[in-house]
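Please open the structure in a viewer and keep the sequence at hand. The tour below proceeds by selection, stop by stop.

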Amino acid sequence: MRSSQRWAALPAAALLALAVTSCSGDDAEPEDAAESTAAPATPAAVPLEAEGLPEGASIGVVVSLSSPDDSGAQWNEAAEGAEVAAYRLGLGGTPVDVVAVDDRGTVEGAEQAVQDLAEQGVAGVVVASSGPHVAGAVDAAAETGVPVLLPYAPSPALPDGAPVWLTGPAQTAIADELTGAIDAAGVSKPVLVDAGGGELPTLAPAAQRALAVGAPVSAADRLATEIARLADDAEVDSVVVTGPASRQAVMVRALQGSAVSLPVFLTPDALSPVLATDLVEADGSLASEMVTVGEDTGDVAALEPGATGESLSAYFAAVRAAAADPAVEDFFDGEPFSTIAGSADTRSHDAVVALARAAAEAGSTEPAAVADALGDLQLDRADGLTGSGLDFSSSRALPADQVVALQATSQDPGVRPVSGSAPAPRLFWFAVPRG
């Protein structure tokens, strides 16, 4: 197989910091602490206060406990970041209730979930899912007037005037940055494997193949063998896989089994905890060369100096505190939050914070008032966000320049609590340095 050009190594400061745990209290002592000069950023305040938030305010969260193609269900545990936001607001003396509803991964279920939450009087709804069925939630937002935030669905159709905002990367930003990442890697002949995610509008692949949803593992193995032949013949020099994390895992494992030595680029579904767990369950390796795109607000970034590191350190301090609090439970099972603390992510957290800020600004939980207030907001780390900002004057609230290339590492930065004797496998992502 042809050797691929390696991506840049983990930045030196982060690499040093990976040897040092950022947890406090009873957490394990860092190894070689005396030799290391790197340390996590000083956390910002863990409690969040939303002055003016009406008493008894609640925010809905829609998840897909199942979905036909796994595109929505892959975000179930990541969505628990909403609980971290509620926990922080409670610590700050401005509590908000989080009400979770299952949309069953269908258009009808998503529409009904938002309608039910609106009838319960929520100030807004976070749709912590992705896939075609999210259109039902968008329709319900237009019908009910309840503001809806979409941290994980990159490309739903947004009706004019509907109170719906994307707070994660839009499809155009994903395609542009992924294409740029491929160029920056020094490769120019990718093979696109459509594993349920479709094409990328700005990508001109040298070859294109499909891995149908529901196809057996053997189909992925045959496809990987074909890609190996294309690489040997110098027809392709990289692989791009689009689709849900579970399908990406199938394809990555197959490539590993065929000893395809090419860089692999994945759509942001790869940021789901499902990729690592499915890959390991299929006897794959987490050491593969994998790149995706998204906002740089993961575990590794919490170790960097500066404002981003400080805000993320505060977030992960809250994750650890919530995991240690027996009163904090997951959405549906009544299990301790500690059981899913390894997966709760920042996007669902920031969406809840944004809705709480809007309700506080409006001084009301009336959906129309919250939506009006939200449309005038520009929020940043000072408001409790983990990322660098959301601008709700646009329906695409996350600016495109915050979407960057992210490289995978299996090295655990140690900012989350350890749950159980055999914690779930995880991948961690850090921003790829650009030359």
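## First stop: Asn76

Select Asn76 and display its surroundings: leaving out residues up to four places away in sequence, Asn76 touches Val63, Ser64 and Leu65. The model on screen is a predicted one. Asn76 sits in the loop that runs between strand E1 (58–63) and helix H2 (81–91). Add Ser64 to the selection, and the side chain of Asn76 is seen to reach the backbone oxygen of Ser64 at 2.9 Å. Is Asn76 buried or exposed? With a relative accessibility of 16%, Asn76 counts as buried.

## Two loop residues with positive phi

Move next to Arg104, in the loop between strand E2 (97–102) and helix H3 (107–119). Arg104 is not a glycine, yet its phi is positive, at about 65°. The relative accessible area of Arg104 is 47%, and the residue is therefore partly exposed.

Then select Ala259, which lies in the loop between helix H7 (245–257) and strand E9 (264–266). Ala259 likewise is not a glycine and has a positive phi, here of about 55°.

## Thr179 in helix H5

Select helix H5 (residues 171–184) and pick out Thr179 within it. Which backbone oxygen lies 2.8 Å from a polar atom of the Thr179 side chain? It is the backbone oxygen of Ala175.

Now show the contacts of Thr179 beyond its neighbours within four places in sequence: they are Thr202 and Leu203. Between Thr179 and Leu203 the C-alpha to C-alpha distance is 6.0 Å, although the two are 24 residues apart in sequence. Thr179 has a relative accessible area of 15%; a residue under 20% is classed as buried, so Thr179 is buried.

## The salt bridges

Across the whole structure, a search finds six salt bridges. Three of the pairs are visited here.

Begin with Glu226 and Arg209, whose side chains form a salt bridge with an N to O distance of 2.7 Å. Glu226 belongs to helix H6 (residues 217–232) and Arg209 to strand E7 (residues 207–210), so this pair ties together parts that are 17 residues apart in sequence. Glu226 counts as partly exposed at 27% relative accessibility, and Arg209 counts as partly exposed at 25%.

Continue to Asp233 and Arg229, where the side chains meet in a salt bridge at 3.5 Å, N to O. Asp233 is partly exposed, at 45% relative accessibility; Arg229 is partly exposed as well, at 41%.

Finally, select Arg426 and Asp299, which are joined by a salt bridge of 3.3 Å, N to O. Which parts of the chain does this pair link? Arg426 is in the loop between strand E13 (403–409) and strand E14 (428–431), while Asp299 is in the loop between strand E10 (290–295) and helix H9 (307–324); these distant parts place the partners 127 residues apart. Extend the selection to Arg416, since salt bridges that share partners join Asp299, Arg416 and Arg426 into one network. The burial classes of the pair are also worth displaying. Arg426 is partly exposed, with a relative accessible area of 22%, whereas Asp299 counts as buried at 5% relative accessibility.

## Ala317 in helix H9

Helix H9 is the next selection, and Ala317 is found within it. Its relative accessible area of 16% makes Ala317 buried. Add Ala45 and draw the distance between the C-alpha atoms: Ala317 and Ala45 are 272 residues apart along the chain, and their C-alpha atoms are separated by 9.3 Å.

## Last stop: helices H10 and H11

Select helix H10 (residues 346–362) together with helix H11 (residues 367–375). How are H10 and H11 oriented to each other? The two helices pack at an angle of about 105°, with their axes 8 Å apart. Angles of 65 to 115 degrees count as roughly perpendicular, and H10 and H11 are therefore roughly perpendicular to each other.

Show the side chains where the helices meet. On H10 the residues are Ala354, Leu355, Ala358, Ala359, Glu361 and Ala362, and on H11 they are Ala369, Val370, Ala373 and Leu374. Coloured by class, this contact comprises nine nonpolar residues, one charged residue and no polar ones.

Technical notes
Residues are numbered from 1 along each chain as its sequence is written. This is a predicted model: local features need pLDDT of at least 70, side-chain atom pairs count only at pLDDT 80 or more; totals for chains, interfaces and linings use all residues. Side-chain values use heavy atoms; hydrogens and water are left out. Axes are lines fitted to C-alpha atoms, for helices over the stretch in contact, and angles run from 0 to 180 degrees between N-to-C directions. Helices (H or I, at least four residues) and strands (E, at least two) are DSSP runs, numbered from the N terminus. Angles under 35 degrees count as roughly parallel, over 145 as roughly antiparallel, 65 to 115 as roughly perpendicular and the rest as oblique. Contact means heavy atoms within 4.5 Å. Ala, Val, Leu, Ile, Met, Phe, Trp, Tyr, Cys and Pro count as nonpolar, Asp, Glu, Lys and Arg as charged, and the others, Gly among them, as polar. Buried means under 20% relative accessible area, exposed over 50%, partly exposed in between (1.4 Å probe, protein chains only). A polar contact is a pair of N or O atoms within 3.5 Å; within protein, one must be able to donate a hydrogen and the other to accept it, and residues adjacent in sequence count only if both atoms are side-chain atoms. A salt bridge is a side-chain nitrogen of Lys or Arg within 4 Å of a carboxyl oxygen of Asp or Glu.
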